[in-house]
Amino acid sequence: MNLKFSFLVGCCLSVAAVACGGNPAPAGEAPVSPEAPEGGVTAIITTADRTQSFKKTTLKLSTGPKFAPVIVLNPAVCYQSMDGFGAAITGSTCYNLMKMTPTDRTAFLTGTFSDKEGLGFSYIRISIGCSDFSLSEYTCCDKPGIENFSLQSEETDYVIPVLKEILAISPDIKILGSPWTCPKWMKVNNLEEKKPFDSWTSGQLNPDCYRDYAAYFVKWVQAFDNEGIRIYSVTPQNEPLNRGNSASLFMGWKEEQAFVREALGPAFKAAGLNTKIYAFDHNYNYDNLPGQDDYPVKMYDDETAAAFLTGAAYHNYGGNREELNDIRRQRPDKELIFTETSIGMWNDGRNLTKRLMEDMREVALGTVNNWCRAVMVWNLMLDTERGPWREGGCKTCYGAVDIDPSDYKTITCNSHYYVIGHLSSVVKPGARRIESTGPSTTGLMYSAFQNPDGTMAFVLLNENESAARISLTADGKHYINCELPGKSVASYRWKK
């Protein structure tokens, strides 16, 4: 279903928003990050059939439960803190955004990233050099010699201008950087022969280049900082076990451990950078490669490397999210974040009836309930022809939103935009996931949080065909009576 975004003005509130269902939504139904009303509850609902799209209503607190089951929230039992939710700002995403008129782009970015006037996306991922959704294959140091480092046109003409617009809307947004490949002059065919490997795809990092590559990271972080863009975190390598991506580099756990221990960690420390480093950044099943299982845990076994690592990042293109719990059990002192998932032609990516349910269960609530502090999806925006893409990259991927290249105005919102928006709109950076208990009910999945301002947040998935009716309480005195349509997602925020 196509739609158009617009700048919406309500009676009491200016709302810049993306209307994600049919005609532009009236101000009362805009996907605005809710201010919890005094004595009331803000509720946002999306249905898989798009009859409700980020529909915002206000409920009243009651002195007793109206429905069963009753779900009890317990702020005294806390789990992980939340860093944020968002999407990747790739070269392709930025190309599409820059094709929009400035007014339309501002409206879309405000509706997506503003905490007060939009959904409050709070964490984004960008590539260090090219990704498989860049406009060309490149790094920031393609001429041999680290002294030749410089940002390239994709950064200066596309990524940095978009990031600056986002930062003007959301100054505290977190940014994670991941490389798809090191410069080709740092590559070798394997670690035994160490022959030069002149290809963007596959190869391994020459150990003799560890210090140069660590300097590359430092220069990249500093170059963005010089533009007023703070890099919150990095991973040493995107999908280190994937040799087949159009830009890629194989880096088994022993190599990544050595690179972090001997070069990257010390280089960040020497440069005075507090940028966090997350290990791995790949699939739950470690691509079924012998000896690579528990990749981050094996890296942590080296105390020097572990001291430089904040935690580990995961994707979901293989394996089961239960792996997150396994890693948490082994190293509860290290953080977990979820950094990439995609929709496309292979998984019926534009079928919201299917994807909203599955992506909320597996990607959004599934990762959060398994200890992830952040959740990010892949491309924020592609065009309706799944691009721009280049040979060797993904030709079958959809964006969190897709924009029509005939006008660069008409936008289709896909499941990933909804699942991130339903979290980011009510769960704010610094929130703590808290205990929520109730009778086991088929087809319902949920998670509860307490925000830094003391407000409570609750995100609920109803996979059943029929409506769900539940009551919530955080103190046993005040209740929220919720009626949720079949095949829908709801987010709630209120003052305790």
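In which loop is F54 found? F54 lies in the loop between β4 and β5, where strands (E, at least two residues) and helices (H or I, at least four residues) are DSSP runs numbered from the N terminus. The structure is a predicted model, in which local features need pLDDT of at least 70 and side-chain atom pairs count only at pLDDT 80 or more, while totals for chains, interfaces and linings use all residues. Residues are numbered from 1 along each chain as its sequence is written, and side-chain values use heavy atoms, with hydrogens and water left out.

**Two domains and their interface**

The protein is divided into domain 1 (40-79 + 434-495) and domain 2 (84-429); the bounds come from an automatic or database domain assignment. The C-alpha centres of the two domains are 31 Å apart. Contact, meaning heavy atoms within 4.5 Å, links 27 residues of domain 1 with 25 residues of domain 2.

Between them, domain 1 and domain 2 bury about 2,300 Å², and 71% of this lies on carbon and sulfur atoms. Buried area is the accessible area (1.4 Å probe) that two parts lose on being put together, summed over both. R50, F54 and M445 supply 27% of the area that domain 1 buries against domain 2, more than any other three residues.

One salt bridge is counted between domain 1 and domain 2; the term denotes a side-chain nitrogen of Lys or Arg within 4 Å of a carboxyl oxygen of Asp or Glu. R361 forms a salt bridge with E463, and their closest N and O atoms are 3.0 Å apart. Across the interface, 10 residue pairs are in polar contact, both residues being at pLDDT 80 or more. A polar contact is a pair of N or O atoms within 3.5 Å; within protein, one must be able to donate a hydrogen and the other to accept it, and residues adjacent in sequence count only if both atoms are side-chain atoms.

The elements that give two or more residues to the side of domain 1 touching domain 2 are β4 (40-47), β23 (444-450), β24 (455-462) and β27 (488-495). Of these, β27 gives the most, with six residues.

**Backbone features**

F54 and W371 have positive phi values, and two peptide bonds are cis, as the table sets out.

| Feature | Value | Place |
|---|---|---|
| A68 to P69, cis peptide bond | omega about 10° | P69: loop between β5 (55-60) and β6 (70-81) |
| G387 to P388, cis peptide bond | omega near 5° | P388: loop between β18 and β19 (397-398) |
| F54, positive phi | phi near 50° | F54: loop between β4 and β5 |
| W371, positive phi | phi near 85° | W371: loop between α9 (352-368) and β17 |

Neither F54 nor W371 is a glycine. F54 is buried, with a relative accessible area of 0%. Buried means under 20% relative accessible area, exposed over 50%, and partly exposed in between (1.4 Å probe, protein chains only).

**Helix α1 and S92**

In helix α1 (residues 91-99), the residues G91, S92, T93, C94, N96 and L97 are buried. Their cover includes β7 (84-88), α2 (102-113), α3 (153-169), β17 (372-379), β18 (381-383) and β20 (401-403).

S92 is placed in this helix and has a relative accessible area of 0%. Leaving aside neighbours within four places in sequence, S92 is in contact with F133, S134, M381, L382 and P388. P388, one of these partners, is also the proline of the cis bond from G387.
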